[in-house]
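Here is a short briefing on one protein model. Keep the structure in view as you read, and find each strand as it comes up.

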Amino acid sequence: MADHDFAPSFTQKPQLRQEDDGNRLIFECQLVAKPKPSIEWYRSEELLSENTRTKFKIQSFGENKYFVVLELDDVIDTDAGLYKVKAKNRMGEVSASINLNFSLPHRIFTIGDANNVQTAWFRQIDGVAPTFIKKPSIKQENDGKRLIFECEIKADPKPQIRWSHNSKVIDNTPRHKFKVQNDGTLYRATLEVDNVSFEDSGKYKVTAKNELGESSATISLNFDSEYSVTGTPCQSLHSVRKSRYRRMASSLLLQIDLSHDNRTTARI
(Lines give C-alpha, C1' and ligand atoms only; values in the text may rest on other atoms or scores of the structure.)
Protein backbone atom coordinates (compact mmCIF):
# COMPACT_ATOMS: atom_id res chain seq x y z
CA MET A 1 0.00 0.00 0.00
CA ALA A 2 1.29 3.45 -0.91
CA ASP A 3 2.90 5.56 1.81
CA HIS A 4 1.26 8.79 0.69
CA ASP A 5 -2.27 9.87 1.60
CA PHE A 6 -5.04 9.23 -0.91
CA ALA A 7 -8.76 9.78 -1.33
CA PRO A 8 -11.28 6.99 -0.59
CA SER A 9 -12.17 4.52 -3.32
CA PHE A 10 -14.45 1.49 -3.29
CA THR A 11 -12.91 -1.98 -3.61
CA GLN A 12 -16.39 -3.49 -3.21
CA LYS A 13 -19.47 -1.50 -4.12
CA PRO A 14 -22.43 -1.55 -1.69
CA GLN A 15 -24.26 -4.85 -1.40
CA LEU A 16 -27.42 -5.77 0.44
CA ARG A 17 -28.30 -8.90 2.39
CA GLN A 18 -31.07 -9.88 4.80
CA GLU A 19 -31.18 -11.56 8.19
CA ASP A 20 -33.93 -12.63 10.59
CA ASP A 21 -36.32 -13.62 7.77
CA GLY A 22 -36.06 -10.19 6.18
CA ASN A 23 -36.67 -8.20 9.35
CA ARG A 24 -33.09 -6.89 9.22
CA LEU A 25 -31.30 -5.46 6.17
CA ILE A 26 -27.53 -5.05 6.07
CA PHE A 27 -25.91 -2.67 3.59
CA GLU A 28 -22.17 -3.28 3.34
CA CYS A 29 -19.22 -2.18 1.23
CA GLN A 30 -15.41 -2.10 1.32
CA LEU A 31 -13.03 0.74 0.54
CA VAL A 32 -9.45 1.93 0.86
CA ALA A 33 -8.42 5.36 2.09
CA LYS A 34 -5.65 7.20 3.90
CA PRO A 35 -6.26 8.72 6.37
CA LYS A 36 -9.33 6.93 7.72
CA PRO A 37 -12.45 8.40 6.13
CA SER A 38 -15.60 9.69 7.75
CA ILE A 39 -18.75 7.86 6.63
CA GLU A 40 -22.23 9.23 6.03
CA TRP A 41 -25.36 7.38 4.99
CA TYR A 42 -28.32 9.03 3.25
CA ARG A 43 -31.82 7.91 2.29
CA SER A 44 -33.48 10.00 -0.42
CA GLU A 45 -30.89 12.74 0.20
CA GLU A 46 -31.71 12.84 3.94
CA LEU A 47 -28.75 12.28 6.27
CA LEU A 48 -29.37 9.24 8.49
CA SER A 49 -28.65 9.21 12.22
CA GLU A 50 -28.10 6.22 14.49
CA ASN A 51 -31.08 5.09 16.59
CA THR A 52 -32.61 1.87 17.86
CA ARG A 53 -33.37 0.73 14.29
CA THR A 54 -30.38 2.19 12.44
CA LYS A 55 -26.78 1.32 13.28
CA PHE A 56 -23.48 2.24 11.58
CA LYS A 57 -20.21 0.31 11.67
CA ILE A 58 -16.75 0.91 10.19
CA GLN A 59 -14.05 -1.70 10.79
CA SER A 60 -10.43 -1.80 9.70
CA PHE A 61 -9.36 -5.17 8.29
CA GLY A 62 -5.92 -4.31 6.89
CA GLU A 63 -3.65 -1.43 6.10
CA ASN A 64 -5.90 1.46 4.97
CA LYS A 65 -8.74 -1.02 4.26
CA TYR A 66 -12.20 -0.51 5.74
CA PHE A 67 -15.41 -2.51 5.97
CA VAL A 68 -18.45 -0.19 6.14
CA VAL A 69 -21.91 -1.35 7.30
CA LEU A 70 -25.40 0.06 7.75
CA GLU A 71 -27.82 -2.18 9.69
CA LEU A 72 -31.55 -1.53 9.48
CA ASP A 73 -33.78 -3.44 11.92
CA ASP A 74 -37.55 -4.04 11.92
CA VAL A 75 -37.80 -3.28 8.20
CA ILE A 76 -41.02 -1.66 6.97
CA ASP A 77 -42.18 -0.62 3.52
CA THR A 78 -41.45 3.06 4.19
CA ASP A 79 -37.75 2.18 4.42
CA ALA A 80 -37.74 2.04 0.61
CA GLY A 81 -35.75 4.72 -1.17
CA LEU A 82 -32.38 5.64 -2.61
CA TYR A 83 -29.58 4.96 -0.12
CA LYS A 84 -26.21 6.60 -0.58
CA VAL A 85 -22.97 5.99 1.30
CA LYS A 86 -20.36 8.75 1.24
CA ALA A 87 -16.73 8.32 2.36
CA LYS A 88 -14.60 11.43 2.81
CA ASN A 89 -11.13 12.40 4.01
CA ARG A 90 -8.91 15.44 3.39
CA MET A 91 -7.79 14.01 0.06
CA GLY A 92 -11.27 13.70 -1.43
CA GLU A 93 -14.55 11.83 -1.30
CA VAL A 94 -16.43 9.04 -3.04
CA SER A 95 -20.05 7.87 -2.94
CA ALA A 96 -22.23 5.03 -4.21
CA SER A 97 -25.99 4.47 -4.21
CA ILE A 98 -28.36 1.59 -3.56
CA ASN A 99 -31.98 1.79 -4.67
CA LEU A 100 -34.27 -0.14 -2.32
CA ASN A 101 -37.79 -0.75 -3.66
CA PHE A 102 -40.65 -2.89 -2.36
CA SER A 103 -43.60 -4.17 -4.33
CA LEU A 104 -46.32 -6.76 -3.76
CA PRO A 105 -47.03 -9.65 -3.65
CA HIS A 106 -43.32 -9.99 -2.94
CA ARG A 107 -40.94 -7.46 -1.50
CA ILE A 108 -38.61 -6.78 -4.39
CA PHE A 109 -35.49 -4.75 -3.88
CA THR A 110 -33.18 -3.51 -6.60
CA ILE A 111 -29.64 -2.58 -5.73
CA GLY A 112 -26.63 -1.32 -7.61
CA ASP A 113 -25.18 1.67 -9.42
CA ALA A 114 -25.35 2.78 -13.02
CA ASN A 115 -23.13 -0.09 -14.17
CA ASN A 116 -24.35 -2.89 -11.94
CA VAL A 117 -27.96 -3.63 -11.03
CA GLN A 118 -29.16 -6.72 -9.17
CA THR A 119 -32.64 -7.83 -8.25
CA ALA A 120 -33.72 -10.11 -5.41
CA TRP A 121 -36.91 -10.98 -3.58
CA PHE A 122 -38.09 -10.93 0.01
CA ARG A 123 -40.96 -13.18 0.97
CA GLN A 124 -44.12 -11.29 1.76
CA ILE A 125 -45.83 -13.22 4.56
CA ASP A 126 -49.53 -12.81 5.23
CA GLY A 127 -50.79 -13.34 8.76
CA VAL A 128 -50.71 -11.89 12.27
CA ALA A 129 -47.78 -11.17 14.56
CA PRO A 130 -48.25 -12.67 18.06
CA THR A 131 -50.56 -10.65 20.31
CA PHE A 132 -51.61 -11.54 23.86
CA ILE A 133 -55.39 -11.94 24.05
CA LYS A 134 -55.21 -13.13 27.68
CA LYS A 135 -52.24 -12.06 29.75
CA PRO A 136 -50.38 -14.61 31.92
CA SER A 137 -52.14 -15.75 35.08
CA ILE A 138 -51.47 -18.40 37.72
CA LYS A 139 -53.69 -21.06 39.23
CA GLN A 140 -52.90 -23.89 41.64
CA GLU A 141 -53.70 -27.59 41.71
CA ASN A 142 -52.98 -30.50 44.03
CA ASP A 143 -53.29 -28.39 47.20
CA GLY A 144 -50.81 -25.86 45.90
CA LYS A 145 -48.10 -28.37 45.01
CA ARG A 146 -48.60 -27.60 41.33
CA LEU A 147 -48.77 -24.13 39.73
CA ILE A 148 -50.07 -23.55 36.23
CA PHE A 149 -49.11 -20.42 34.29
CA GLU A 150 -51.40 -19.83 31.34
CA CYS A 151 -52.03 -17.25 28.64
CA GLU A 152 -53.76 -16.92 25.27
CA ILE A 153 -52.12 -15.62 22.11
CA LYS A 154 -53.41 -14.79 18.67
CA ALA A 155 -50.92 -15.47 15.87
CA ASP A 156 -50.63 -16.67 12.27
CA PRO A 157 -48.49 -18.54 11.38
CA LYS A 158 -48.10 -20.68 14.51
CA PRO A 159 -45.79 -19.03 17.04
CA GLN A 160 -42.87 -20.52 18.90
CA ILE A 161 -43.46 -20.29 22.65
CA ARG A 162 -40.61 -19.86 25.12
CA TRP A 163 -40.82 -19.60 28.92
CA SER A 164 -38.05 -18.24 31.14
CA HIS A 165 -37.55 -17.91 34.90
CA ASN A 166 -35.37 -15.06 36.17
CA SER A 167 -33.99 -14.61 32.62
CA LYS A 168 -33.05 -18.31 32.32
CA VAL A 169 -34.83 -20.33 29.62
CA ILE A 170 -36.94 -23.13 31.11
CA ASP A 171 -36.47 -26.60 29.62
CA ASN A 172 -38.99 -29.41 29.60
CA THR A 173 -38.24 -31.48 32.72
CA PRO A 174 -40.21 -33.78 35.02
CA ARG A 175 -41.06 -30.63 37.06
CA HIS A 176 -41.69 -28.27 34.14
CA LYS A 177 -44.11 -29.15 31.36
CA PHE A 178 -45.22 -27.04 28.39
CA LYS A 179 -48.47 -27.30 26.49
CA VAL A 180 -49.80 -25.38 23.48
CA GLN A 181 -53.36 -25.88 22.26
CA ASN A 182 -54.93 -23.99 19.41
CA ASP A 183 -58.30 -23.16 17.93
CA GLY A 184 -57.54 -21.66 14.54
CA THR A 185 -55.22 -18.71 15.12
CA LEU A 186 -55.86 -18.62 18.90
CA TYR A 187 -53.26 -20.43 21.00
CA ARG A 188 -53.46 -21.32 24.70
CA ALA A 189 -49.99 -21.75 26.19
CA THR A 190 -49.42 -23.26 29.64
CA LEU A 191 -46.44 -23.93 31.87
CA GLU A 192 -46.92 -26.47 34.69
CA VAL A 193 -44.55 -26.43 37.66
CA ASP A 194 -44.76 -29.45 39.98
CA ASN A 195 -43.46 -29.86 43.55
CA VAL A 196 -43.44 -26.10 44.05
CA SER A 197 -40.79 -24.68 46.40
CA PHE A 198 -39.55 -21.23 47.42
CA GLU A 199 -36.84 -21.53 44.75
CA ASP A 200 -39.58 -21.22 42.15
CA SER A 201 -40.21 -17.60 43.12
CA GLY A 202 -39.14 -14.83 40.76
CA LYS A 203 -40.03 -13.36 37.40
CA TYR A 204 -41.50 -15.57 34.68
CA LYS A 205 -41.57 -14.44 31.08
CA VAL A 206 -43.41 -15.95 28.14
CA THR A 207 -42.35 -15.03 24.62
CA ALA A 208 -44.26 -15.81 21.42
CA LYS A 209 -42.54 -15.39 18.07
CA ASN A 210 -43.37 -16.08 14.46
CA GLU A 211 -42.12 -14.80 11.12
CA LEU A 212 -44.15 -11.59 11.47
CA GLY A 213 -43.05 -10.49 14.92
CA GLU A 214 -42.54 -11.20 18.59
CA SER A 215 -44.37 -10.36 21.81
CA SER A 216 -43.73 -11.12 25.47
CA ALA A 217 -45.31 -10.67 28.89
CA THR A 218 -44.10 -11.27 32.44
CA ILE A 219 -45.52 -12.33 35.78
CA SER A 220 -43.75 -12.33 39.16
CA LEU A 221 -44.23 -15.12 41.70
CA ASN A 222 -43.26 -14.28 45.30
CA PHE A 223 -43.53 -16.12 48.62
CA ASP A 224 -43.32 -14.53 52.04
CA SER A 225 -42.57 -16.02 55.46
CA GLU A 226 -46.27 -16.60 56.09
CA TYR A 227 -46.57 -18.86 53.05
CA SER A 228 -48.50 -16.39 51.00
CA VAL A 229 -48.02 -16.22 47.27
CA THR A 230 -47.99 -12.93 45.40
CA GLY A 231 -48.22 -12.79 41.61
CA THR A 232 -47.95 -9.62 39.56
CA PRO A 233 -48.74 -10.47 35.96
CA CYS A 234 -48.58 -8.89 32.60
CA GLN A 235 -46.17 -6.12 32.13
CA SER A 236 -46.42 -5.62 28.37
CA LEU A 237 -46.35 -2.93 25.77
CA HIS A 238 -50.09 -2.35 26.07
CA SER A 239 -51.24 -2.86 29.64
CA VAL A 240 -50.20 -3.56 33.21
CA ARG A 241 -52.37 -5.60 35.53
CA LYS A 242 -51.64 -6.73 39.09
CA SER A 243 -52.70 -9.94 40.80
CA ARG A 244 -52.27 -11.11 44.34
CA TYR A 245 -52.51 -14.69 45.54
CA ARG A 246 -52.85 -15.42 49.24
CA ARG A 247 -53.01 -18.88 50.69
CA MET A 248 -55.61 -19.18 53.47
CA ALA A 249 -55.80 -22.64 55.01
CA SER A 250 -56.52 -25.05 52.13
CA SER A 251 -58.13 -22.43 49.87
CA LEU A 252 -56.69 -19.82 47.55
CA LEU A 253 -57.93 -16.25 47.52
CA LEU A 254 -57.39 -14.68 44.11
CA GLN A 255 -57.46 -10.89 44.17
CA ILE A 256 -57.06 -9.04 40.89
CA ASP A 257 -56.47 -5.30 40.73
CA LEU A 258 -57.19 -4.01 37.23
CA SER A 259 -55.64 -0.86 35.80
CA HIS A 260 -58.93 1.04 36.04
CA ASP A 261 -59.09 0.28 39.81
CA ASN A 262 -62.07 -2.08 39.73
CA ARG A 263 -61.41 -5.07 41.95
CA THR A 264 -62.56 -8.64 41.51
CA THR A 265 -62.11 -11.24 44.25
CA ALA A 266 -62.73 -14.95 43.83
CA ARG A 267 -62.18 -17.85 46.18
CA ILE A 268 -61.05 -21.14 44.67
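Which side chain meets E28 in a salt bridge? The partner is R17, with a distance of 3.1 Å from N to O. E28 belongs to strand β2 and R17 to strand β1, so this contact ties together parts that are eleven residues apart in sequence. The model is a predicted one. In total, 16 salt bridges are counted in it.

**The hairpin of β1 and β2**

- Strand β1 covers residues 6-19, and strand β2 covers residues 24-34.
- The two strands run antiparallel and are joined by nine bridges.
- Two pairs help you line them up: F6 has K34 in β2 as its bridge partner, and L16 stands opposite F27 in β2.
- Four residues lie between the strands of this hairpin.
- D20 in this hairpin takes a positive phi, near 55°.

**The sheet around β1 and β2**

- In what order do the four strands of this open sheet stand? The order is β1-β2-β6-β5, with antiparallel pairing.
- The edge strands are β1 and β5, and β5 spans 54-62.
- Each of these edge strands pairs on one side only.
- Neighbouring strands in this sheet are turned by 20° against each other on average, direction ignored.
- Strands of a sheet pair through backbone hydrogen bonds, either parallel or antiparallel.

**The hairpin of β11 and β12**

- Strand β11 takes in residues 128-141, and strand β12 takes in residues 146-156.
- They run antiparallel, and nine bridges join them.
- Q140 stands opposite L147 in β12.
- Which residue of this hairpin takes a positive phi? That residue is N142, with a phi near 55°.
- Here, too, the hairpin has four residues between its strands.

**From β12 across to β16**

- Strand β16 is made of residues 186-193.
- Eight bridges join β12 to β16, and the two run antiparallel.
- E150 faces T190 in β16 across this pairing.
- C151 stands opposite A189 in β16.
- In a regular strand the side chains alternate between the two faces of the sheet.

**The sheet around β11 and β12**

- Four strands form this open sheet, in the order β11-β12-β16-β15.
- Their pairing is antiparallel.
- Why is one side of β11 and of β15 left without a neighbour in the sheet? Both stand at the edges with a single partner strand each, so nothing in the sheet pairs with the other side.
- Strand β15 spans 176-183.
- The twist in this sheet averages 15° from one strand to the next.

**Charged patches on the surface**

- Which residues gather in a patch of negative charge? They are D20, D21, D74 and E214.
- D20 therefore turns up twice in this briefing: as a member of the negative patch, and as the hairpin residue with a positive phi.- E214 is found in strand β18, which covers residues 213-223.
- A positive surface patch is formed by R162, K203, K205 and K209.
- Strand β17 (residues 202-210) gives the largest share of the positive patch, three residues.
- K205 lies in strand β17.

Technical notes
Residues numbered from 1 in each chain as written. Predicted model: local features only at pLDDT ≥ 70, side-chain atom pairs only at ≥ 80, totals over all residues. Heavy atoms only, no water. Pairing = 2+ DSSP bridges. Patch = residues over 30% accessible without salt bridge, like charges linked within 9 Å, V, L, I, M, F, W, Y side chains within 5 Å. Areas by Shrake-Rupley, 256 points an atom, 1.4 Å probe, with all protein chains shown as cover. Salt bridge = Lys/Arg side-chain N within 4 Å of Asp/Glu carboxyl O. Lys, Arg positive; Asp, Glu negative; His and termini not counted. Charge placed at Lys NZ, Arg CZ, Asp CG, Glu CD. Axes fitted to C-alpha atoms, helices over the stretch in contact; angles between N-to-C directions.
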